[in-house]
Amino acid sequence: MDLADKKILLVGLAKTGVSVIKCLDKLGAHVVVNDVKTKEDLKDILKELDSLKNVEYILGSHPERIENIDMVVVSPGVPLDLPFIQKLYKLNKEIIGEVELAYRLSKEPTFIGITGTNGKTTTTTLVGEIFKRANKDTYVSGNIGSPVIDTVEKAVRDSYVVTELSSFQLESTKEFRPRVSAVLNITEDHLNRHKTMENYITAKSKIFTNQTKDDFCILNYDDENTKNLEKDCAAKVIFFSHKEKISGGVYLDENNNIIIDIDDKIILLNKDEISLPGIHNLENCMAAIAMSYVCGIEVEVIRDTVKTFEGVEHRQEFVKTLNGVNYINDSKGTNPDSSIKALESYKNPIVLIAGGMDKGSSFDEMLEVAKANVKAIILMGETAIKIEKSAKNKGINDTYIVNDMEEAVRISHQISKEGDIVLLSPACASWGMYENFEVRGQDFKDNVHNLK
């Protein structure tokens with residue numbers, strides 16, 4: 001893909017955007033950077049690009065003259081239905097995202113693509129760990145934090161690029177074709193961006209659009225939305241299930257053993273040997289097992305890694321025990337279904353800290369589950385009143401609305417008793433209060449560690 005002297009418009013200057021700019025500049029492209037944020041807003045990011053001479057900036061508004069643009073690269077946070085983007089489509093400008101660009105520029109490594117509403121980061125990290133322990137040249141990238149474009153120069157034909165892919169990243173792909181894809185689950189999320197569940201599912205499905213019968217697609221048999229994707233998938237489908245025995249898949253038998261039944265029937269390990277709590281993590285592990293097995297990773301390596309994998313920061317992460325109360329950081333719980341999975345992982349009484357940016361989700365189902373063992377809910381962010389109203393409708397009357405995390409942690413400390421769990425699982429995006437869920441989780445941890 002020759003981009004020398006091409007005029008490339010990058011829309012959206014964030015972490016991914018910086019990596020794209022540096023890559024395009026190195027390839028000799030003339031990069032036009034556009035962001036609706038001002039130069040002052042972006043001053044820290046712009047410092048990273050000071051040394052690049054063939055880059056121009058249009059900041060604070062969208063460009064008016066776009067006829068001479070050769071190609072457009074949009075950052076994941078940029079909605080494709082913006083009038084400005086629609087105008088580019090009408091001018092027949094090719095519009096792709098960073099994942100697509102990286103794929104086209106890559107030196108033909110084996111791509112593994114992982115998507116789903118929940119569990120992506122845990123599963124991606126686990127798959128990466130399995131491949132690394134198998135001594136494969138492995139790069140873990142994508143929505144997990146490291147842009148895929150950063151692997152282009154390093155990953156070669158014998159390498160594996162394990163990518164976590166959001167619906168935002170997938171909707172701007174065209175040719176992207178992973179050797180192995182996985183859809184972990186699909187539940188209501190990001191409807192403020194995608195508008196309908198049908199659009200959301202369509203975006204997720206793009207992970208296998210270009211796959212052929214020579215590729216593999218790993219699907220969750222127990223999730224109806226995901227199971228139904230089989231009919232649209234040309235790749236060889238491998239199901240995983242903790243409810244049904246799946247011939248040609250990975251399943252849980254009557255003795256709670258995880259069985260790989262793809263070539264031969266293999267008893268891998270008992271589910272109680274997995275260190276991560278909850279049915280959702282069992283599903284994440286089964287998906288990772290299937291992906292690793294079809295790539296030829298030795299069974300012993302898969303077994304040992306799954307048994308010892310300790311999880312990922314901000315995903316039901318144990319923080320501290322104080323006065324017999326366990327504090328758990330699940331800041332990655334950015335939608336109600338994710339928080340349901342966290343709530344169902346514990347039997348002890350829970351003080352739940354929740355709330356954040358409103359993505360258009362209903363919290364009724366989450367609060368129906370919460371009735372079982374949530375003794376109090378501490379709420380913050382723009383969804384606080386919405387969640388409180390739903391909680392009271394479900395009979396959860398002990399609620400607190402707070403201004404920030406410091407106040408939330410302080411109240412949780414005051415009302416919790418020995419044997420309780422204080423669980424940060426917001427069920428909402430962090431934006432508006434925090435830059436991202438990692439910053440939110442760190443704020444929680446810092447405040448917990450400051451408790452006396």
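In which helix is the place of Lys120? In this predicted model, Lys120 sits in helix H5, which runs over residues 120-133. Thr122 has its place in H5 too. Both residues turn up in a UniProt record: the unreviewed entry puts a "binding site" feature at Gly116, Thr117, Asn118, Gly119, Lys120, Thr121 and Thr122.

So how does Lys120 end up, buried or exposed? Its relative accessibility comes out at 7%, so Lys120 counts as buried, the cut-off for that label being under 20%. Leaving aside residues up to four places away in sequence, Lys120 touches Ile114, Thr115, Asn143, Glu164, Leu165, Ser166, Leu184 and Lys204. Thr122 is also at 7% relative accessibility and therefore counts as buried. With the same sequence neighbours left out, the contacts of Thr122 are Leu276, Asn281, Asn284, Phe309, Val312 and Arg315.

Thr115, one of the residues touched by Lys120, leads on to the strands. Strand S6 (residues 110-115) pairs with S9 in the parallel sense, over 4 bridges, and Thr115 stands opposite Val183 of S9. On its other pairing, S9 runs parallel to strand S10 (residues 216-220), again over 4 bridges; here Val183 has Leu219 as its bridge partner. Strand S9 itself (residues 180-183) is covered on both faces. Val180 and Ala182 point to one side, Ser181 and Val183 to the other, and all of them are buried.

Further along the chain, the unreviewed UniProt entry annotates residues 314-428 as "domain: Mur ligase C-terminal". That span is 31% helix and 25% strand, and the C-alpha atoms at its two ends are 14 Å apart. Arg315, which is among the contacts of Thr122, falls within the annotated residues 314-428.

An open sheet of 6 strands is found here, ordered S15-S16-S20-S17-S18-S19 and with mixed pairing. Its edges are strand S15 (317-322) and strand S19 (399-401), each of which pairs on one side only. From one strand to the next, the twist averages 15°. Inside the sheet, strand S17 (residues 350-354) and strand S18 (residues 374-379) pair in the parallel sense over 5 bridges, and Leu352 is matched with Ile377 of S18.

What lies across S15, S16, S17 and S20? That is helix H16 (residues 437-449), which runs at about 15° to S15. The other strands named with S15 and S17 in this packing are S16 (325-329) and S20 (421-424).

Conventions
Residues are numbered from 1 along each chain as its sequence is written. This is a predicted model: local features need pLDDT of at least 70, side-chain atom pairs count only at pLDDT 80 or more; totals for chains, interfaces and linings use all residues. Side-chain values use heavy atoms; hydrogens and water are left out. UniProt positions are given in the numbering used here, feature names are shortened, and annotations may be inferred rather than shown by experiment. Buried means under 20% relative accessible area, exposed over 50%, partly exposed in between (1.4 Å probe, protein chains only). Contact means heavy atoms within 4.5 Å. Two strands pair if DSSP finds at least two bridges between them. Axes are lines fitted to C-alpha atoms, for helices over the stretch in contact, and angles run from 0 to 180 degrees between N-to-C directions.
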